[in-house]
Structure formats: structure tokens, C-alpha cells
Amino acid sequence: MAKLSEDLEAITSRYNLPEAVLASCRAKAITSPASIAQTFEDETQFTNFVLDDSVIGKPLRLKLAMQMVYFDSLEHARKAGQPVKPTDSPDSVSEASELDGHEEERAEEVSSVSSAEVEEADDIGVAGGDTGNRPAWR
């Protein structure tokens, strides 16, 4: 069996992966962040490949930890200037960033509308002289 690189050991130790999963990685020649980045298209493919024949099954917590190992490995490989396998499917990270952009736009719309409505309501109350149920400010 091959030995995990120091970089991959550091990444996997962050997520406290069980020895059975590490042994599966060694047996399948997944020994470095570069091998993960060059071989797998996405985190699901990586997770399924490693855990398919795992004796401990596929609990959700383990799947999430494996996905984090995948993303950390990609980041490490990119920083080291190593090639990353291109994907035909949309990347989970790019989808998340697109969603964040839409949420930010929506939040800006809501905040601008809300502040405009507040200003309009203040103008009406002052101009009309009627404060209704609003407290009078001194």
C-alpha cells in the first residue's frame, strides 16, 4: 500500500477521518491532493469512489468530511500550481457563489425598498400633521 503524502495527511487529520477510510485511500492510490485534483471531477464522485466499499458505510458526517477533504485538496493543488481536472458539470462552488450573488441583489432590493417606504411614511406623517398611533418624538 502507498503512503499518504504529508499534505494529504494534514488535510485528512483536520476532519478526523477513520483509519478504515485512510486505508481505503491508500489501497486506491489516493495519496496526495494533486492525485485527487487530477482524478475526480467533483466532490460526489470522490466521496462515492472512496466510500463505496467502505466497511463503515456512508454516514452523512463522513460524506461531508470527505467533501471537505476534496475541496481542501483542490485548493492546495491550485495554490501549488498543479493541474486540476476540468469538469463538464457545474461546479458546486460556482453554483454557491452564483446563489450568494442573487441573494445579495435581493437583499439590496429589499433594503432599498424598505428605506424608501420608511422615508415616505415619515414624510406623510410630518406633512399631514397626523401622527396616528405613532409616538410623538420630542
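**Figure 1. The whole protein and its surface.** About 9500 Å² of accessible surface belongs to the protein, and 53% of that surface comes from carbon and sulfur atoms. What you're looking at is a predicted model. Six helices and zero strands make up its regular elements, so to read the chain from the N terminus you simply follow α-α-α-α-α-α. Of the 138 residues, 25% count as buried. Now take the contacts between residues at least 6 apart in sequence: 62% of them join residues at least 24 apart.

**Figure 2. The largest nonpolar core.** This view gathers the 21 residues of the largest nonpolar core. Which residues have the most contacts inside it? They are Leu 17, Ile 30, Ile 36, Phe 46, Val 50 and Met 66. Helices α1 (6-14), α2, α3 (33-39), α4 (43-51) and α5 (60-79) each put in at least two residues. The largest share is that of α5, with seven residues.

**Figure 3. A close look at Ile 30.** Here's one of the core residues with the most contacts inside the core, shown with its partners. Setting aside residues up to four places away in sequence, Ile 30 touches Leu 4, Leu 8, Cys 25, Ser 35, Ile 36, Phe 40, Phe 46, Phe 49 and Val 50. Three names on that list, Ile 36, Phe 46 and Val 50, also turn up among the core residues with the most contacts.

**Figure 4. Helix α1 against helix α5.** Two packed helices are described by the angle between their axes and the distance between the axes. For α1 and α5, the angle is about 145° and the axes are 10 Å apart. Is the crossing left-handed or right-handed? The crossing of α1 and α5 is right-handed. On the α1 side, look for Asp 7, Leu 8, Ile 11, Thr 12 and Arg 14; on the α5 side, they meet Val 69, Asp 72, Ser 73 and His 76. It's an even mix by class, with three nonpolar, three polar and three charged residues in the contact.

**Figure 5. Ser 24 and Cys 25 in helix α2.** Two residues of α2 share this frame. Ser 24 sits in α2, which covers residues 19-27, and Cys 25 has its place in α2 as well. Are they buried or exposed? Ser 24 has a relative accessible area of 11%, which is under 20%, so Ser 24 counts as buried. Cys 25, at 5% relative accessibility, is buried too. Neighbours within four places in sequence aside, Ser 24 is in contact with Val 50 and Asp 53, while Cys 25 is in contact with Leu 4, Ile 30 and Val 50. Cys 25 and Leu 4 are 21 residues apart in sequence, yet their C-alpha atoms are 8.2 Å apart in space.

**Figure 6. Thr 47 in helix α4.** Thr 47 is found in α4. With a relative accessible area of 2%, Thr 47 is buried. What does Thr 47 touch, once residues up to four places away in sequence are left out? The answer is Lys 63, Met 66 and Gln 67. You can also trace the gap from Thr 47 to Leu 64: these two are 17 residues apart along the chain, and 8.7 Å separates their C-alpha atoms.

**Figure 7. Two loop residues with positive phi.** Most residues other than glycine have a negative phi. Asn 16 and Ala 29 go the other way: phi is near 50° for Asn 16 and near 60° for Ala 29. Where do they lie? Asn 16 is in the loop between α1 and α2, and Ala 29 is in the loop between α2 and α3. Asn 16 is exposed, with a relative accessible area of 67%. Ala 29 counts as exposed at 52%.

**Figure 8. Ala 2, ahead of the helices.** Ala 2 is found in the segment before α1. At 34% relative accessibility, Ala 2 counts as partly exposed. Its contacts, leaving aside neighbours within four places in sequence, are with Arg 26 and Thr 31. Ala 29 makes another landmark in this view: its C-alpha atom is separated from that of Ala 2 by 6.4 Å, although the two residues are 27 apart along the chain.

Terms used. Residues numbered from 1 in each chain as written. Predicted model: local features only at pLDDT ≥ 70, side-chain atom pairs only at ≥ 80, totals over all residues. Heavy atoms only, no water. Helix = DSSP H or I, 4+ residues; strand = E, 2+ residues; numbered from the N terminus. Buried < 20%, exposed > 50% of the residue type's maximum accessible area, 1.4 Å probe, protein only. Contact = heavy atoms within 4.5 Å. Areas by Shrake-Rupley, 256 points an atom, 1.4 Å probe, with all protein chains shown as cover. Core = buried A, V, L, I, M, F, W, Y, C linked by side-chain atoms within 4.5 Å. Axes fitted to C-alpha atoms, helices over the stretch in contact; angles between N-to-C directions. Left-handed = near helix turned anticlockwise from the far one by under 90°. Nonpolar A, V, L, I, M, F, W, Y, C, P; charged D, E, K, R; others polar.
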